[in-house]
Amino acid sequence: MTTQQDQQDAEFMARAIQLARNGLYTTDPNPRVGCVLVKDGKIIGEGWHLRAGQPHAEVEALTNATETTTGATAYVTLEPCSHHGRTPPCCETLVKAGITRVVAALKDPNPKVSGNGFAYLKTAGLEVSCGILEDNAQVLNRGFIKRMTEGRPFVRSKLAMSLDGRTAMASGESQWITSLESRADVHQLRAESSAILTGINTVIADNPSLTARIDKEVVQPIRVVLDSTLRMPADALMASLPGRTLILTCAKDEVKKNVLEKVGFEVYKLPENQGRLDLAEVMKFLANKEINEVLVEAGTVMNGALLAQNLVDEWIIYMAPKVIGDRGKGLFCLPGLEKLGDSKEMKFSDIRRVGKDLKLTLKI
């Protein structure tokens, strides 16, 4: 049975989660966190974490408090930190501020520190509750959680197709299958992502910028190009853009590597699998680079390989109401499939209209 306290906790935590979303495009590699301070049933302070190296949500809320915080309750979307990093431990700050109760949505997913913050607060005499609106908070930080618990980022792939499941004409022409509204929606996906992953064939064919263009402050995602044989053109558009571009390869061509590094690319050699980059190792590498969420924007070969290895957590497919014909290119290159029983089955988690297109969100 839900008590009045439970209802109040849920309402204030919902506000904290809403505040955490203010850092949706800027907090990488840190999690998105919001905090609400409540005293005598009313909000006296709010804050959120905006950017790595800047104050955490709890500190922001305390700074913004409109009255003394002694005896107040802190609603925070993630367990307060107990370790010294670029900022002091939030646990100590909350205790010094006279907070008497802490309500959290999530325990810190980092197994090295998980529960330490709660233990510190309890030792200091504070009442601690955890799990309020946990599912909502998990969705907001699914990349950070996956990196901490599984050692790889949350991966989603964006594809665009016609009504008959084609991504491009037989000639390769693909701009633009989907509507202006769908393309604007993709920029939101890019802005939420830590990195955008593509393949060298896409770079050579389209010379993309892979930047997030939205009307809000955004930390531009890192561009990552899989280039097994180092075919990356030194004059590619990405070389002239601000921000980082990582080229991952299994080639040993030091001359080409030096040429690319001189124009600003970061080149890393990774393990191979039958002459191509080992995609599982790619994901581990990106996690070690503190990348939480990866958006894949690639062609049929890479998407087929990722699908075959179950390395994508979420597929987002924009379907345009137009027919290209059976000579067009399909979504996935899966040469090993011969029987219907071998097919990869997905399930829909969301379907909505974007402009004149359908946006399909699926999971394996």
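This note goes through the structure above point by point; the model is a predicted one.

1. **The first sheet.** Five strands make an open sheet with mixed pairing, in the order β2-β1-β3-β4-β5. At its edges are β2 (42-48) and β5 (127-130), each of which pairs on one side only. Neighbouring strands in this sheet are turned by 15 degrees against each other on average, with direction ignored.

2. **Strands β1 and β3.** Within this sheet, β1 (residues 34-39) and β3 (residues 73-76) run antiparallel and are joined by four bridges. To find one of these contacts, start at Leu37: its bridge partner in β3 is Ala74.

3. **Helices lying on the sheet.** Helix α1 (residues 4-20) lies across β1, β2, β3 and β4 (101-104). The direction of α1 is at about 140 degrees to β1. Helix α4 (residues 116-123) lies across β4 and β5, and runs at about 155 degrees to β5.

4. **The largest nonpolar core.** This core has 42 residues, and those touching the most other members are Met13, Cys35, Leu37, Ala74, Tyr75, Ile99 and Val102. Two or more residues come from each of α1, β1, α2 (57-63), β3, α3 (90-96), β4, α4 and α5 (134-140). Helix α1 gives the most, with six residues. A second core, separate from this one, has 33 residues, including Val155, Met161, Trp315 and Leu331.

5. **Ala74 in detail.** Ala74, already met as the bridge partner of Leu37, is a useful residue to inspect. Leaving aside residues up to four places away in sequence, Ala74 touches Cys35, Val36, Leu37, Leu94, Ile99, Arg101, Val102 and Val103.

6. **Cysteines.** How many disulfides does the structure hold? The number is zero. For Cys35, the closest cysteine sulfur is that of Cys90, and at 8.5 Å it is too far for a bond. For Cys91, the closest is in Cys81, at 6.5 Å, which is also too far for a bond. Both distances can be set against the cut-off of 2.5 Å between sulfur atoms. Cys35 counts as buried because its relative accessibility is 0%, and Cys91 is buried with a relative accessible area of 1%.

7. **Strand β7.** Is β7 (residues 195-199) largely enclosed or open? Five of its five residues are buried, so the strand is largely enclosed by the rest of the structure. In a regular strand, side chains alternate between the two faces of the sheet. In β7, Ala195, Leu197 and Gly199 are on one side, Ile196 and Thr198 are on the other, and both faces are covered.

8. **Neighbours of β7.** β7 pairs in the parallel sense with β8 (residues 222-226) over five bridges. It also pairs in the parallel sense with β13 (residues 293-296), over three bridges. Ile196 shows both pairings: its bridge partner in β8 is Arg223, and its bridge partner in β13 is Leu295. Together, β7, helix α8 (residues 200-206) and β8 make a right-handed β-α-β unit.

9. **Helix α6.** The buried residues of α6 (residues 142-150) include Gly143, Phe144, Ile145, Lys146 and Arg147. Lys146 and Arg147 may catch a student's eye in this list. The buried residues of the helix pack against α5, β6 (154-161), α10 (279-288) and β13. Just after α6 comes Gly151, with a positive phi of about 70 degrees.

10. **Glu79.** This residue lies in the loop between β3 and α3. Is Glu79 buried or exposed? It is buried, because its relative accessible area is 3%, against a cut-off of under 20%. Among the residues that Glu79 touches, not counting those up to four places away in sequence, are Ala104, Lys107, Ser114, Asn116 and Phe118. The C-alpha atoms of Glu79 and Val103 are separated by 8.7 Å, although the two residues are 24 residues apart along the chain.

11. **Backbone points to check.** Most residues other than glycine have a negative phi, and most peptide bonds are trans. The peptide bond from Asp28 to Pro29 is cis, with omega near 0 degrees; Pro29 is in the loop between α1 and β1. Asp40, in the loop between β1 and β2, has a positive phi near 55 degrees and counts as exposed at 75% relative accessibility. Gln274 has a positive phi of about 55 degrees. Gln274 sits in the loop between β11 (272-273) and β12 (276-277), and counts as exposed at 80% relative accessibility.

How values were computed. Residues are numbered from 1 along each chain as its sequence is written. Side-chain values use heavy atoms; hydrogens and water are left out. Two strands pair if DSSP finds at least two bridges between them. Axes are lines fitted to C-alpha atoms, for helices over the stretch in contact, and angles run from 0 to 180 degrees between N-to-C directions. Contact means heavy atoms within 4.5 Å. Buried means under 20% relative accessible area, exposed over 50%, partly exposed in between (1.4 Å probe, protein chains only). A nonpolar core is a set of buried Ala, Val, Leu, Ile, Met, Phe, Trp, Tyr and Cys residues joined through side-chain atoms within 4.5 Å. A crossover is right-handed if, with the strands pointing away from the viewer, the path from the first strand over the helix to the second runs clockwise.
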